[in-house]
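Please work through the following exercises with the sequence and the structure side by side. Each task is followed by a solution that goes step by step.

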Number of protein chains: 2
Amino acid sequence: MSFTIEFQPLGIRLVCSEPLTLLDATHQAGINLRSDCGGAGICGKCAVQIFPSLKENPLTETEITFLTDNQLAEGQRLACETIVDSNLKVMIPSGSVIKGQVLQVEGSQKLIHPDPLVIQKMVSLKEAALNDLASDFSRLQQAADNKPLSANLEVIRQIPALLRNNSWQLNLLIRENELFNVTDQLLPQLLGLAVDVGSTKLACYLMNLETGEVLATKGAPNPQIAYGEDIMARIAFGIKDIEGAGMLHSLLMQSINQAAAELCAQIGVSPSDIVDACLVGNTAMHHFFLDLPVASLAFSPFVPVVSDSLNPLSSEIGLDSMPGSRVFAPAVIAGFIGSDHIAFLVAEGFGKNDGVRLGIDIGTNTEIAMQKGGRIVSVSTASGPAFEGAHIRFGMRAAPGAIEHVSINTQGNVQIQVVGNQPPVGICGSGILDAVSEMRRLGMLNHRGRLNKSTPGLRLDGQGNSVFILSELEKPVTLSQNDIDQILLAKGAIRAGIDVLMDYLKVKPDEIEEVLIAGAFGSYMRPEHAIRIGMLPEIPLPRIRAVGNAAGAGACMMLASKSNRKKAEELASRVEYLELTVYPEFPLFYAHGIQA
Amino acid sequence: MSFTIEFQPLGIRLVCSEPLTLLDATHQAGINLRSDCGGAGICGKCAVQIFPSLKENPLTETEITFLTDNQLAEGQRLACETIVDSNLKVMIPSGSVIKGQVLQVEGSQKLIHPDPLVIQKMVSLKEAALNDLASDFSRLQQAADNKPLSANLEVIRQIPALLRNNSWQLNLLIRENELFNVTDQLLPQLLGLAVDVGSTKLACYLMNLETGEVLATKGAPNPQIAYGEDIMARIAFGIKDIEGAGMLHSLLMQSINQAAAELCAQIGVSPSDIVDACLVGNTAMHHFFLDLPVASLAFSPFVPVVSDSLNPLSSEIGLDSMPGSRVFAPAVIAGFIGSDHIAFLVAEGFGKNDGVRLGIDIGTNTEIAMQKGGRIVSVSTASGPAFEGAHIRFGMRAAPGAIEHVSINTQGNVQIQVVGNQPPVGICGSGILDAVSEMRRLGMLNHRGRLNKSTPGLRLDGQGNSVFILSELEKPVTLSQNDIDQILLAKGAIRAGIDVLMDYLKVKPDEIEEVLIAGAFGSYMRPEHAIRIGMLPEIPLPRIRAVGNAAGAGACMMLASKSNRKKAEELASRVEYLELTVYPEFPLFYAHGIQA
């Protein structure tokens with residue numbers, strides 16, 4: 001007994017032989033249906049419309065909780081709650097599919113002094129003769145300035161025929177002392193791939209290692225999103241069974257390989273021309289791309305399997321590149337401070353001078369580093385995904401249709417700015433920050449963040465709760481007390497992290513010479529609002545600087561330069577990790593931080 | 001159209017679908033039919049009896065040349081010359097099948113001071129906690145005396161679960177700074193495999209690396225023999241097409257793996273318990289077991305693909321052992337001086353003192369090393385396979401039925417000693433050496449090696465040539481002028497090599513303090529006869545010593561000891577290779593050496 005599920009407007013048909021949830025069906029069909037909780041039934045984001053409506057299956061508690069009256073009227077159901085066993089047509093509302101998100105790949109432009117680890121060297125050997133009987137490989141080493149080279153058998157096996165068919169000439173591809181491949185001709189350029197593997201997006205860079213030039217860049221969604229927007233949901237999926245972890249690894253590598261192939265196609269080369277790579281990411285992504293077990297990241301004390309930098313063969317992790325080439329995976333610091341943090345520190349030159357500097361990379365976990373004198377101390381704070389739109393009724397990432405900026409005048413009139421200048425369908429982190437900041441300025445929120453019931457623009461929603469109307473153009477986009485609470489918890493966690501660092505290193509806000517904010521949210525965020533709602537301490541605005549995808553920039557810098565890799569190693573051994581949950585004053589700072 | 005070939009007395013049936021030579025059919029049936037030339041039609045050893053006789057296929061020139069009247073009368077044919085396309089029964093005469101050869105595995109007993117490269121270390125780690133957040137791998141390195149360890153991802157991936165299921169205990173298997181595997185418990189013993197890969201036999205040794213004890217030994221035929229007794233025939237087969245080389249490699253590794261499995265079974269362990277290995281062999285065998293291309297060994301100037309020592313993963317060469325373990329393949333010196341020569345020098349302590357010493361390993365190519373003062377000079381001389389019984393009408397290796405010793409009294413009465421005390425079916429190297437020496441002593445041969453026609457015991461063979469009767473028990477075993485010529489050419493090549501070394505290093509025979517003769521032939525050979533026929537210079541007999549399988553002993557010594565590997569590296573870089581064919585006096589020495 002088989003049945004067909006037809007997904008529209010995508011026109012995808014899936015033939016199934018066994019009953020399954022619609023969420024699983026979208027996975028099988030390769031559709032990136034939103035599912036922030038990974039199918040746990042706690043986010044309500046995987047709404048779909050079903051024809052014929054499944055009248056025989058009554059609505060579940062979860063569906064009643066999460067679906068609005070309009071959604072219910074339209075026959076929408078939650079894909080994770082809906083089991084299908086017969087022919088069906090499914091309409092996926094545009095808000096439920098992950099697409100076209102603004103993927104930031106550019107960091108502040110860095111001048112890279114190329115000093116690549118991989119070099120090529122064309123050598124011309126003297127032909128063997130009875131009075132010159134050195135072996136092919138010895139002859140080759142003599143020609144390579146008598147450098148002692150190691151090589152695996154796969155490479156050595158190619159040498160004799162290549163030499164003799166090529167007039168005793170050979171191009172050597174060398175990584176430190178390892179001869180990892182040989183070709184008959186000099187490669188026109190030495191290509192390297194850097195990837196910042198974010199939880200939601202991949203930022204990929206194709207570089208010319210000899211010039212330090214970035215030849216092409218590409219952003220792509222992290223396909224693991226379909227298994228949970230939240231890293232913890234993915235880790236949970238990955239430890240349920242071995243296949244789950246393997247699948248999350250494979251999915252990730254498929255997307256990286258596809259992005260790399262597209263970058264290569266742009267400049268007319270192939271992934272097998274890539275001779276070196278550098279992959280960075282938070283510790284969970286680091287473990288996923290290396291295919292390391294993630295179980296230890298799921299439970300306290302959240303220790304990584306390995307924290308040292310690694311140089312596996314590309315083939316060990318399934319990365320498409322030149323046979324024999326390797327991947328540099330810089331060190332991670334702790335369970336929630338990954339190699340993307342090291343990349344950030346490298347990109348922004350932490351440790352170069354003795355000034356007091358603060359670096360913040362805002363995400364579900366926000367990593368914060370403070371430098372003072374010779375010390376660099378880093379913390380990770382569980383700010384949650386509110387700034388990325390999760391756990392917010394109308395929250396979304398900075399995709400077209402997202403309200404990115406909000407101002408409210410004293411009359412309570414709301415002015416909005418929308419990504420892509422189109423009718424708003426939701427609100428992203430910077431918009432929420434603005435809104436909360438403006439509402440607090442106008443007294444619509446008290447210092448505990450409670451909505452003042454007399455605020456103009458308040459309305460009761462279906463459940464009888466007050467919500468503040470931001471827009472009613474395409475559909476209503478509102479902020480609820482719960483949404484405001486989520487934002488206050490998020491910014492409170494970040495502020496508490498900063499306060500702990502200032503306390504630990506005995507730094508006062510006006511001593512901070514520079515605040516560097518990384519990531520997409522950092523680029524959209526208005527610093528004055530961040531200070532007004534207390535996410536940042538009172539620091540003169542000119543000292544606050546958005547640095548874009550600093551982790552990606554750092555990955556490029558390490559890819560193209562041995563000295564930058566050395567800096568990364570130094571930073572990794574030097575950074576002091578401070579565990580917030582055992583810092584005695586942290587609860588106090590947090591309680592203060594979450595006030596409006 | 002298919003037909004069946006039945007091989008008797010083995011009872012093997014082979015179903016074929018296309019015409020093929022009987023030699024190819026024996027290969028397909030897994031029968032080790034003798035074929036010294038690998039099917040080139042120049043050795044006449046692959047005689048078989050066929051029923052019904054192939055009357056429709058006339059005898060070929062080659063068959064007429066090589067088959068005796070008796071053989072022809074019996075309906076014998078040469079398997080390499082006989083193409084089969086219909087049902088057939090084939091009787092394989094016992095003389096045509098390779099079996100039960102005396103396989104020497106023992107060298108002089110060496111006391112090995114164990115100092116293994118691979119060690120194991122059971123560590124007990126402190127469990128991770130919020131105030132002790134080191135990663136699993138960092139924690140493990142701390143426990144291993146803070147030794148910086150590298151590990152490939154395959155090993156790292158196993159660590160977290162093993163640690164947590166084993167009360168944070170773990171047994172580390174370390175090779176230099178490489179953590180190559182982990183187990184939950186200390187291994188009862190660290191096992192290593194040493195193999196001397198000879199052209200005709202494999203000598204395999206299973207060792208306890210921690211005690212230096214050899215636990216079990218096994219000799220096995222080199223299965224490549226079926227593709228040519230002569231190395232050059234195998235190389236030719238290996239360069240005909242890529243599959244040929246791959247098959248010769250696979251055949252060899254299958255036999256090594258089978259021998260290793262049998263050794264392991266003897267002491268109740270499995271090949272996956274083998275943590276280290278050392279393989280030595282002549283340069284062709286070295287290239288075959290490493291699966292390196294052999295084409296450069298087929299043509300002048302006969303240079304190896306690689307001469308440095310190598311440490312590939314066992315998996316790179318298909319050797320069954322513990323995952324992650326490696327194989328030590330010591331350096332080779334030249335196209336015809338392999339790592340078995342280095343093993344010989346290590347076993348016999350060359351380079352340890354300044355005495356004048358001579359080391360000889362007799363085979364198709366005979367490697368000779370002479371030490372004087374701080375110098376060690378080695379040559380390889382093309383002595384040919386006569387001492388192994390090839391190119392001799394009734395020649396065979398030292399297998400049961402081989403005449404191993406001959407004395408002749410002044411009346412011309414012949415006394416023989418036969419391996420296995422059975423009726424003789426042929427004669428091996430030491431027997432031929434004795435016979436020629438005795439015949440020369442008694443004036444049956446002149447100084448040019450010509451048979452004196454008045455010698456008692458001479459008889460005319462079918463072709464009208466004089467042959468000397470050694471035995472007529474089971475069947476006639478005779479020596480012809482051609483057989484004598486082959487032996488004189490062989491011993492002449494060896495003597496010329498020795499003379500070149502004495503000339504080059506300005507050594508007189510009585511200055512040589514020690515002569516070490518390796519290999520099976522060396523153990524059977526009577527030194528007085530070797531001197532009498534001029535194979536060795538006049539050296540007092542007590543200074544001449546047979547050392548058995550010195551290459552095998554050397555492989556064991558390198559397997560169990562880092563310092564012996566270091567000695568091997570020193571020797572490899574120190575040995576001066578002298579190419580005989582370009583030594584000006586070589587032709588003179590050779591012309592003198594081949595006289596009787």
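**Exercise 1.** How many bridges join strand β18 of chain A to β27(A), and do the two run parallel or antiparallel?

*Solution.* Before starting, note that this is a predicted model, in which local features need pLDDT of at least 70 and side-chain atom pairs count only at pLDDT 80 or more, while totals for chains, interfaces and linings use all residues. Residues are numbered from 1 along each chain as its sequence is written, chains are lettered from A and ligands numbered from 1 in the order in which they are written, and side-chain values use heavy atoms, with hydrogens and water left out.

Step 1: strand β18 (residues 375–381) of chain A and β27(A) are parallel and are joined by 2 bridges; two strands pair if DSSP finds at least two bridges between them, and strands (E, at least two residues) and helices (H or I, at least four) are DSSP runs numbered from the N terminus.
Step 2: within this pair, Tyr577(A) in β27(A) is the residue opposite Ser378(A).

**Exercise 2.** Describe the sheet of chain A that has the order β26-β25-β16-β17-β18-β27, and the helices on it.

*Solution.* Step 1: the sheet is open, has 6 strands and shows mixed pairing.
Step 2: β26 (544–548) and β27 (576–577) of chain A each have a single partner strand, so these edge strands are left with one side that has no neighbour in the sheet.
Step 3: helix α11 (residues 339–347) of chain A lies across β16, β17, β18, β25 and β26 of chain A, at about 40° to β17(A); axes are lines fitted to C-alpha atoms, for helices over the stretch in contact, and angles run from 0 to 180 degrees between N-to-C directions.
Step 4: helix α13 (residues 481–504) of chain A also packs on the sheet, where α13 touches β16, β17, β18 and β27 of chain A and makes about 20° with the direction of β17(A); contact means heavy atoms within 4.5 Å.

**Exercise 3.** Which relation superposes chain B on chain A, and what do the chains bury between them?

*Solution.* Step 1: a rotation of 180° with 0.1 Å of shift along its axis superposes chain B on chain A with an RMSD of 0.2 Å, fitted by least squares on the C-alpha atoms of residues with pLDDT of at least 70 in both.
Step 2: this is the relation of a two-fold axis.
Step 3: the contact takes 38 residues from each of chain B and chain A.
Step 4: the two chains bury about 3,100 Å² between them, 66% of it on carbon and sulfur atoms, where buried area is the accessible area (1.4 Å probe) lost on being put together, summed over both parts.
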